[in-house]
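Trainee: Could you take me through one part of this model in detail? I'd like to start from a single residue and work outwards.

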Amino acid sequence: MAMKRIVVGKYGTCAGQACIAIDYILVEKKNAAALVEALTFRIKSMFGDNPRASNSLARIVNRHHFLRLKNLLVDPKVQACVVYGGSMDENTLFVEPTILLDPPHDADIMTEEIFGPLLPIITLNSIEESIEFINLKPKAPAAYIFTKNESLMKRMISETSSGSLAINDCITQFAADTLPFGGVGESGFGRYHGKFSFHTFSHEKGILRRSFLTEFWFRFPPWNNNKLLLLRAAYIFDYIAIVLIVLGLKKS
């Protein structure tokens, strides 16, 4: 089930042309071969042995972005990492679902948003290293974790930052109108969907009404040290200090 959700979360989202599509996968080295095999099986089951003939796989939106994706694979070091797919057709703007295993971390495919059907897999000695890896990258609009490890789930929630986080699924958080949708940091700002859209696009005007019966005398000139002490204490809501200053027990 996890493989089905990952494959549709990458290649089913307009061939990866969505801001919340999966950009890369982190996996422990010992599980990498099994992951590639399982992903390959699911890609074939969904799009066939000849994905070019599939009516379920989108084409790249235009030639400009087709060439951008093509350039991501130009580096020989990146080409050597392709373990499945890689074929392209500029005339039809077709890019085959492609899997890469451990491309160089400084390659364009790992430093730019892919926005296409190219899926790098990065291997780690321990899956716990994924926290550090994610935090070294710009904040993403979405992050996904597939695990039964409750401790790892809690760490992903508390120790990483992203626009949204889905556990054991991907993309579907976008469809839930009870959850806010939006980025964080470089991936955007604001929160949308349902009531969150209403609050985002609503201005909450602050309104204050006071009586004339009481006043903070120290807010008015002429200023002196005693009034300034009271203003500083009031500004930080230090009520004990205010009482001490008024009683003459605090001079500085």
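Trainee: In which helix is I240 found?

Mentor: You'll find I240 in helix α10, residues 239-246 (helices are DSSP runs of H or I with at least four residues, strands are E runs of at least two, and both are numbered from the N terminus). Before you zoom in, remember that this is a predicted model, where local features need pLDDT of at least 70, side-chain atom pairs count only at pLDDT 80 or more, and totals for chains, interfaces and linings use all residues. Numbering starts from 1 along each chain as its sequence is written, and side-chain values use heavy atoms, with hydrogens and water left out.

Now, I240 counts as exposed because its relative accessibility is 64% (exposed is over 50%, buried under 20%, partly exposed in between, with a 1.4 Å probe and protein chains only). I240 also has company: together with V243, L244, L247 and L249, I240 makes a nonpolar surface patch of about 510 Å². Such a patch takes residues with over 30% relative accessible area and no salt bridge, nonpolar side chains being joined within 5 Å and like charges within 9 Å; a salt bridge puts a Lys or Arg side-chain nitrogen within 4 Å of an Asp or Glu carboxyl oxygen. The areas are Shrake-Rupley ones with a 1.4 Å probe.

For a contrast, look at S161, in the loop between α7 and β8 (165-167). S161 has a relative accessible area of 29%, so S161 is partly exposed. From S161 to D238 is 77 residues along the chain, and their C-alpha atoms are separated by 34 Å.
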